[in-house]
Amino acid sequence: MRHDISSFRRPLESNTPTAFEREFPIAVETCRELADYAAQYGITTLVENHGFFVNGSDRVIRLIEAVERDNFGLLLDTGNFTCVDEDTKVAVKKCAPYAKMVHLKDFYIRRADRLTGNGGLFRCDSGCWFSSNSGEYMLRGSILAQGDLDVWASLGFIRDAGYDGYVSVEFEGMEDGKIGSESGMAAARYILENS
C-alpha cells in the first residue's frame, strides 16, 4: 500500500532542508505507526519519492532507514527525482536497493527560460509543462523511453540491485492514455528483454 507523507501542493518555501529536519521525527513516527498497523494484515506500506518535500534520494533513503520496519519501503518512481532537480540515474542507482515496487516514468525536460506559457509549479494537467523545484527546468510527461530520461540505465540499476517484483508504467503524457500506456509497456518489455 502506497501512501504519501506530505502534500504534493505543500508551499515551496516550506520544503527546505531545515523544515525537513524539523518535521523528520514526525514523519518517521507516522510511517512506523502505519507500518505496524498494516503488519497485522500482512500489508507492506510504501512511501513514494513524490512531490517536492519527501523526494530526492537522500531524503527517502534516510526516512526508510529511520523507520526500520521490514514491511516498509520505497515505491521507486524513476521519473519523480527530476521534480527536485536530481539526476535520475544517480538517484535510481542509490534507491534501487530500497525498492519494494517500481513505477517507470519518463519526462521531457527543458530549460525554463526557453519555454513560453508554462504551467507553473503544480500544473500537471495534460499539455502543461510544470516547474521543477528550482524553477530552472520545466517538465512534461512523455511516453516511456520517448522522453529525456535514461530508462535503459534506470532499469539496469533496478535489475542489478536484485529487484524482482512488479514494475508498472506510469504515463502522464499528452497522447491518448491507452496508446501512451501500451507504447510505454512495450518499451519496458523491450528494454528488459534486451539489456
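**Note on helix α5, the α2–α3 pair and some single residues**

1. Let me start with the cover over helix α5: its buried residues are covered by elements that include β4 (99-104), α4 (151-160) and β8 (167-169). Helices and strands here are DSSP runs, with H or I of at least four residues for a helix and E of at least two for a strand, numbered from the N terminus. Contact means heavy atoms within 4.5 Å.

2. A word on the basis of all this: the model is predicted, so local features need pLDDT of at least 70 and side-chain atom pairs count only at pLDDT 80 or more, while totals for chains, interfaces and linings use all residues. Residues are numbered from 1 along each chain as its sequence is written, and side-chain values use heavy atoms, with hydrogens and water left out.

3. Helix α5 itself runs over residues 177-193, 17 residues in all, and spans 24 Å from its first C-alpha to its last. That is close to the expected 24 Å at 1.5 Å a residue, where the expectation is 1.5 Å times one less than the number of residues.

4. Which residues of α5 are buried? They are Gly180, Gly184, Ala187, Ala188 and Ile191. Buried stands for under 20% relative accessible area, exposed for over 50%, and partly exposed for what lies in between (1.4 Å probe, protein chains only). The buried residues cover an arc of only 100 degrees around the axis, which puts them on the same side of α5; the arc is taken from the directions from the helix axis to the C-beta atoms. As a reminder, an α-helix has 3.6 residues a turn, so residues three or four places apart point the same way. The face of α5 turned away from the buried side carries the exposed Lys178, Arg189 and Glu193.

5. Leu104 is a nice residue to look at beside this helix. It lies in strand β4, and its relative accessible area of 1% makes Leu104 buried. Beyond neighbours up to four places away in sequence, Leu104 touches Thr78, Leu144, Leu155, Val167, Ser168, Val169, Glu170 and, from the buried set of α5, Ala188.

6. Now to the helix pair. Helix α2 (residues 57-67) and helix α3 (residues 88-95) pack at about 10 degrees, their axes 9 Å apart. The axes are lines fitted to C-alpha atoms, for helices over the stretch in contact, and angles run from 0 to 180 degrees between N-to-C directions. The two helices are therefore roughly parallel to each other, a label for angles under 35 degrees. From α2, the contact uses Ser57, Asp58, Val60 and Ile61; from α3, it uses Ala91, Lys94 and Cys95. By class, these are four nonpolar, one polar and two charged residues. Nonpolar covers Ala, Val, Leu, Ile, Met, Phe, Trp, Tyr, Cys and Pro; charged covers Asp, Glu, Lys and Arg; the others, Gly among them, are polar.

7. What else surrounds α2? Its buried residues are Ser57, Arg59, Val60, Ile61, Leu63, Ile64 and Val67, and their cover includes α1, β2 (45-48), β3 (72-77) and α3.

8. Two backbone points may be worth a look. Glu68, just after α2, takes a positive phi of about 55 degrees although it is not a glycine. Glu68 sits in the loop between α2 and β3 and, at 60% relative accessibility, counts as exposed. Asp85, also not a glycine, has a positive phi of about 60 degrees. Asp85 is in the loop between β3 and α3 and is partly exposed, with a relative accessible area of 33%.

9. On to helix α1 (residues 17-39), which holds Glu33 and Glu21. Is Glu33 buried or exposed? At 56% relative accessibility, Glu33 counts as exposed, whereas Glu21, at 44%, counts as partly exposed. Ahead of this helix, in the loop between β1 (2-3) and α1, is Ser6. Ser6 is buried at 18% relative accessible area and, leaving aside neighbours within four places in sequence, is in contact with Phe53 and Val54.

10. Finally, some C-alpha separations for orientation. Glu33 and Gly184 are 151 residues apart along the chain and 36 Å apart in space. Glu21 and Glu136 are 115 residues apart in sequence, with 25 Å between them. Leu104 and Glu136, 32 residues apart along the chain, are separated by 24 Å.

Terms used:
Parallel < 35°, antiparallel > 145°, perpendicular 65-115°, else oblique.
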